[in-house]
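User: I am new to this structure and would like to go through it by question and answer. Please keep the answers short and give the reasoning.

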Amino acid sequence: MIKSLKIIFKYLQLSWMQGMEYRTNFIVWTLVDVGWTAIDLVFFQALISNIKMIGNWNLAQALIVIGTFRLLVFPVWGWMFASFNTLPKQISEGKLEMMIIKPVDSQFMVSVRQFSFSVLPSLIGGTIFLLLGVRELGYVPSFLNFIFFLGLLIVSVALMYGIYFISIALALFTERLNNIAHVFVALYDASRFPKEIYGIILQRILTTILPVALFIVVPSEVLFRPANWMSWLWFLILAVAFNVLARKIWLSGLRRYSSASS
Amino acid sequence: MSVISVKNLKKYYKVHQKEPGLLGSIKSLFNRKYYDVKAVDGVNFEIGEGELVGFIGPNGAGKTTTLKVLSGLLYPTSGDVSVLGYTPWDRKPVFQKQFSLVMGQKNQLWWDLPAIESFILNKEIYEVSNDKYEATLNELVDLLDVKEVLKVQVRKLSLGQRMKMELIAALIHNPKILFLDEPTIGLDVVMQKKMRDFIKEYNRRYNATIVLTSHYMDDVKELCKRVIIIDKGKVLFDGALDEIIKKFANHKLLTVVFSKEVSEKELKKIGEIKEFEMPRATISVLRDKVSSSASRLLESFPVADLNIEEPKIEDIIREVFTGRDFA
């Protein structure tokens, strides 16, 4: 555990240093993230000012949802996408090898090898949205609510990691699966909308087989809805199930991995 | 005592065949015909502790595939492999801490950062203590003479400097076994020599077992007492470098300098002419006929000088790979 933390810390350091090497690139992408955060705010404000409710959320609740979405941009883009983006290409070109011969779990190695800090504004923006949302609620959720909120954020990250990693691990079974890393982040974008905007069948799919509709909604609703233990338990089961499946697919893929010619 | 044991190792790949042209591409989209490529086909060998073994063969012979199986990157189709008593593809960390793989065409260094940062990362990954890390790093930096460029971004290093840094990154945990796949590829002759000197010294100093693949015969000749020749997935030869001559070269070379013009037609009666440019000729003759051929040359031609030589090892190996008969 300590070794894993040390490695993660070292990768964080290296990624930060790498980011600093190309200042313009870092500044441009940071500004892009600021822009997306601002667009989110404008978009939701425009919606709320016209229709008062989005699905079954009012302004305060929508702000909490968008705040939660923005907070999770960091693990999705800053961690997972940064680590996974080039992985399918490296698999097809045989460059995975230098990672899987290391005396560290190979899934861990490929999952923490790169971070991007240009999405840090999303963390700040997300926190501001959350605070604004809570203020708009008219009451302050209890301390326990915040603890559950943080707990479910962690479960959400675990669930997203499981699903995202499955999509990436599939590259081990194919000769080429370029740009697969972009599919999940596109799905993540759709996760901030209430599931009611989809039809019944799609709703079922998006809460079970591909539980995109739960990523943001389950943790954020802790702050403005009564406790829904069944929903939380289902969320946890899904996170465990997708991670177990991701592990199996990865190990099975490694057995089939034929590398690339030298 | 052997630290690497390979018994009847086979590694087959399934590869799909595509007919040429656009139509072929469309057909292969729906109906693919697969066939097996026997990258490694029943390879056996044992390597003892501290040995420096050259693994040679033409492109596609199965050298790199064998190294990848030995380092646990690939699962074999069948066969038994033991490296330091471990089955490589079990990928146990305790095993992975004891070997290193350096591939001349693949890198592990962070491109945008000085190599020292990658060394520190490997220190954490291999759980090397601070004292051990400092001592090993200083020793390797001195041996490879790279102190000046340790803090320069990898992308700004020359190919030779980069290869030296790759070696340090691979050796920072002091592995007992080192797999080197084309470590001198693309390097100039001066840098190739430096790399060879380093590999030799590393083997001597740490009694490390080293398996080396290279297309440069100079690497093999200078470093390896023992070579394993592999072609089409099978071992053709395993033994001392000198024995290659005994096993594959049934001929010797007579190098003659003539004092007067001679007829090429007449010369062909002595043996196979390899080179002929007056006043010099090189003739290949069967080993058991060397004496009689030399006598005939001296009797029938105006010979100013005559040398009897073994053929060059690289020539023998090249001819082995092109399937020539040496009889």
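Analyst: A word on terms comes before the questions: helices and strands here are DSSP runs, of at least four residues for a helix and at least two for a strand, numbered from the N terminus. The model is predicted.

User: Where in chain B is B:Pro175 placed?

Analyst: Two elements of chain B frame this residue, helix α6 (159-171) and strand β6 (177-181). The place of B:Pro175 is in the loop between α6 and β6.

User: Is B:Pro175 buried or exposed?

Analyst: Buried means under 20% relative accessible area. The relative accessibility of B:Pro175 is 2%, so B:Pro175 counts as buried.

User: Which residues is B:Pro175 in contact with, leaving aside its neighbours within four places in sequence?

Analyst: Contact means heavy atoms within 4.5 Å. With those neighbours left aside, the contacts of B:Pro175 are B:Gln98, B:Phe99, B:Ser100, B:Ala170, B:Tyr202 and B:Ala208.

User: How many Å apart in space are B:Pro175 and B:Tyr206, C-alpha to C-alpha?

Analyst: In sequence, 31 residues separate B:Pro175 and B:Tyr206. In space, C-alpha to C-alpha, the distance is 9.1 Å.

User: What kind of aromatic pair do B:Tyr202 and B:Tyr206 form?

Analyst: B:Tyr202 and B:Tyr206 are four residues apart in helix α7 of chain B, so about one helical turn separates them. B:Tyr202 is buried, with a relative accessible area of 1%, whereas B:Tyr206 counts as partly exposed at 25%. Their ring centres are 4.7 Å apart and the planes are at 45 degrees. Planes from 30 to 60 degrees apart fall between stacked and edge-to-face, and this pair is tilted.

User: Which residue of helix α7 in chain B meets B:Arg205 in a salt bridge?

Analyst: The two partners are four residues apart in helix α7 (residues 189-206), so about one helical turn lies between them. B:Arg205 is partly exposed at 38% relative accessible area, while its partner is buried at 18%. The N to O distance is 3.0 Å, and the partner is B:Glu201.

User: Which residues are linked with B:Lys193 in a network of salt bridges?

Analyst: Side chains of opposite charge can pair when their charged atoms come close. The network that holds B:Lys193 also links B:Arg196, B:Asp197, B:Lys200, B:Asp219 and B:Glu222.

User: How much area do chain A and chain B bury between them?

Analyst: The size of an interface is often given as the accessible area lost when the parts come together. Here 32 residues of chain A are in contact with 33 residues of chain B. Of the area buried between the two chains, 61% is on carbon and sulfur atoms. The total is about 3000 Å².

User: How many salt bridges does the rule find across the interface of chain A and chain B?

Analyst: The rule asks for a side-chain nitrogen of Lys or Arg within 4 Å of a carboxyl oxygen of Asp or Glu. Across the interface of chain A and chain B, the number found is four.

User: Which element gives the most to the side of chain A that touches chain B?

Analyst: The elements that give two or more residues to that side are α1 (2-21), α5 (97-100) and α12 (229-256) of chain A. By class, the side has 14 nonpolar, eight polar and ten charged residues. The element that gives the most, with ten residues, is α1(A).

User: Which residue of chain A meets B:Glu127 in a salt bridge?

Analyst: B:Glu127 counts as partly exposed at 46% relative accessibility, and its partner in chain A counts as buried at 19%. The N to O distance in this salt bridge is 3.5 Å, and the partner is A:Lys3.

User: Which residue of chain B meets B:Glu127 in a salt bridge?

Analyst: B:Glu127 is in the loop between α4 and α5 of chain B, and this partner is 30 residues away, in the loop between α3 (93-96) and β5 (99-103). The partner is partly exposed, with a relative accessible area of 29%. The N to O distance is 2.5 Å, and the residue is B:Lys97.

User: How many aromatic pairs are found over all chains?

Analyst: Rings of Phe, Tyr and Trp pair if their centres lie within 6.5 Å. A search of the whole structure on that basis gives 24.

Notes. Residues are numbered from 1 along each chain as its sequence is written. Chains are lettered from A and ligands numbered from 1 in the order in which they are written. This is a predicted model: local features need pLDDT of at least 70, side-chain atom pairs count only at pLDDT 80 or more; totals for chains, interfaces and linings use all residues. Side-chain values use heavy atoms; hydrogens and water are left out. Buried means under 20% relative accessible area, exposed over 50%, partly exposed in between (1.4 Å probe, protein chains only). Buried area is the accessible area (1.4 Å probe) that two parts lose on being put together, summed over both. Ala, Val, Leu, Ile, Met, Phe, Trp, Tyr, Cys and Pro count as nonpolar, Asp, Glu, Lys and Arg as charged, and the others, Gly among them, as polar. Rings of Phe, Tyr and Trp (its six-membered ring) pair if their centres lie within 6.5 Å; planes under 30 degrees apart count as stacked, over 60 as edge-to-face and the rest as tilted.
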